[in-house]
Amino acid sequence: MTESGGFVERLKQKFAFDIPHMDFEGQRLAERIYQIIMVAFAIVGFGWGYTCQQLSQTVIIIASGFILSCILILPPWPFYRRHPIEWRKPEGGTPKAGRKKKDRK
């Protein structure tokens, strides 16, 4: 039993990793990149599809733009983490659970 417990713990340590998160400026940049890619691919796709008279060409071009935007947006790339959030240090003392209501007569 202890060996299997040790094995599970080793697996947890081996596969445990911290996923870095985007900061707020990175989220704004990611949204802007997504919008630019999708609008550009939609315009090009519509133009090409109209020229070829093939709706399938338009759909393929727009889908490829979506795939490109997913590759650029979904992973937390380092350029999305340039402005880390600076958290305030906790102040001394114990936190208050909340204010008590005054008894009204």
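Me: Is Tyr34 buried, partly exposed or exposed, and what is its relative accessible area?
Reply: This is a predicted model. Tyr34 has its place in helix H2. A residue counts as partly exposed between 20% and 50% relative accessible area. Tyr34 is partly exposed, with a value of 33%.

Me: Which residues form a nonpolar patch on the surface, and with how much accessible area together?
Reply: Tyr34 of helix H2 belongs to this patch. The other members are Phe66, Ile67 and Ile71, and together the four have an accessible area of about 390 Å².

Me: Which element gives the most to the nonpolar patch?
Reply: The patch is made of Tyr34, Phe66, Ile67 and Ile71. Tyr34 lies in H2. Three residues come from the element that gives the most, and that element is H3.

Me: What distance does helix H3 reach from its first C-alpha to its last?
Reply: H3 covers residues 55-73, which makes 19 residues. At 1.5 Å a residue, a span of 27 Å is expected. The helix comes close to that, reaching 27 Å.

Me: Why do the buried residues of H3 line one face of the helix?
Reply: The buried residues in H3 are Thr58, Ile61, Gly65, Ser69 and Ile73. Seen down the axis of H3, they line one face because they fall within an arc of 100 degrees.

Me: Which residues are exposed on the other side of H3?
Reply: Thr58 and Ile61 are among the buried residues of H3. On the other side of the helix, the exposed residues include one that is also in the nonpolar patch, Ile67. The residues asked for are Ile60 and Ile67.

Me: What helix is included in the cover of the buried residues of H3?
Reply: Ile61 is one of the buried residues of H3. Its C-alpha atom is separated by 8.6 Å from that of Phe46, 15 residues apart along the chain, and Phe46 is found in H2. What covers the buried residues of H3 includes helix H2 (24-52).

Me: Is Phe46 buried or exposed, and at what relative accessibility?
Reply: Phe46 is found in helix H2. The cut-off for exposed is over 50%. Phe46 counts as exposed, at 56%.

Me: How many residues apart are Arg28 and Glu25 in helix H2?
Reply: The side chains of Arg28 and Glu25 meet in a salt bridge, 3.1 Å from N to O. Arg28 is exposed at 57% relative accessibility, while Glu25 is partly exposed at 39%. About one helical turn separates the two, as their positions in H2 differ by three residues.

Me: Which side chain meets Glu91 in a salt bridge?
Reply: The structure holds two salt bridges. In the one with Glu91, the N to O distance is 3.4 Å. Glu91 is exposed, with a relative accessible area of 63%, and its partner is also exposed, at 71%. That partner is Arg88.

Me: How many helices and strands does the chain have?
Reply: From the N terminus on, the elements run α-α-α. The secondary structure comes to three helices and zero strands.

Me: What share of the residues in the chain is buried?
Reply: The chain has 105 residues. Its accessible surface comes to about 10,100 Å², of which 64% belongs to carbon and sulfur atoms. Buried means under 20% relative accessible area. The buried share of the residues is 12%.

Conventions: Residues are numbered from 1 along each chain as its sequence is written. This is a predicted model: local features need pLDDT of at least 70, side-chain atom pairs count only at pLDDT 80 or more; totals for chains, interfaces and linings use all residues. Side-chain values use heavy atoms; hydrogens and water are left out. Helices (H or I, at least four residues) and strands (E, at least two) are DSSP runs, numbered from the N terminus. The expected span of a helix is 1.5 Å times one less than its number of residues. Buried means under 20% relative accessible area, exposed over 50%, partly exposed in between (1.4 Å probe, protein chains only). The arc is that of the directions from the helix axis to the C-beta atoms. Contact means heavy atoms within 4.5 Å. Patches are made of residues with over 30% relative accessible area and no salt bridge: like charges are joined within 9 Å, nonpolar side chains (Val, Leu, Ile, Met, Phe, Trp, Tyr) within 5 Å. Accessible areas come from the Shrake-Rupley method with a 1.4 Å probe; for residues, only the protein chains shown count as cover.
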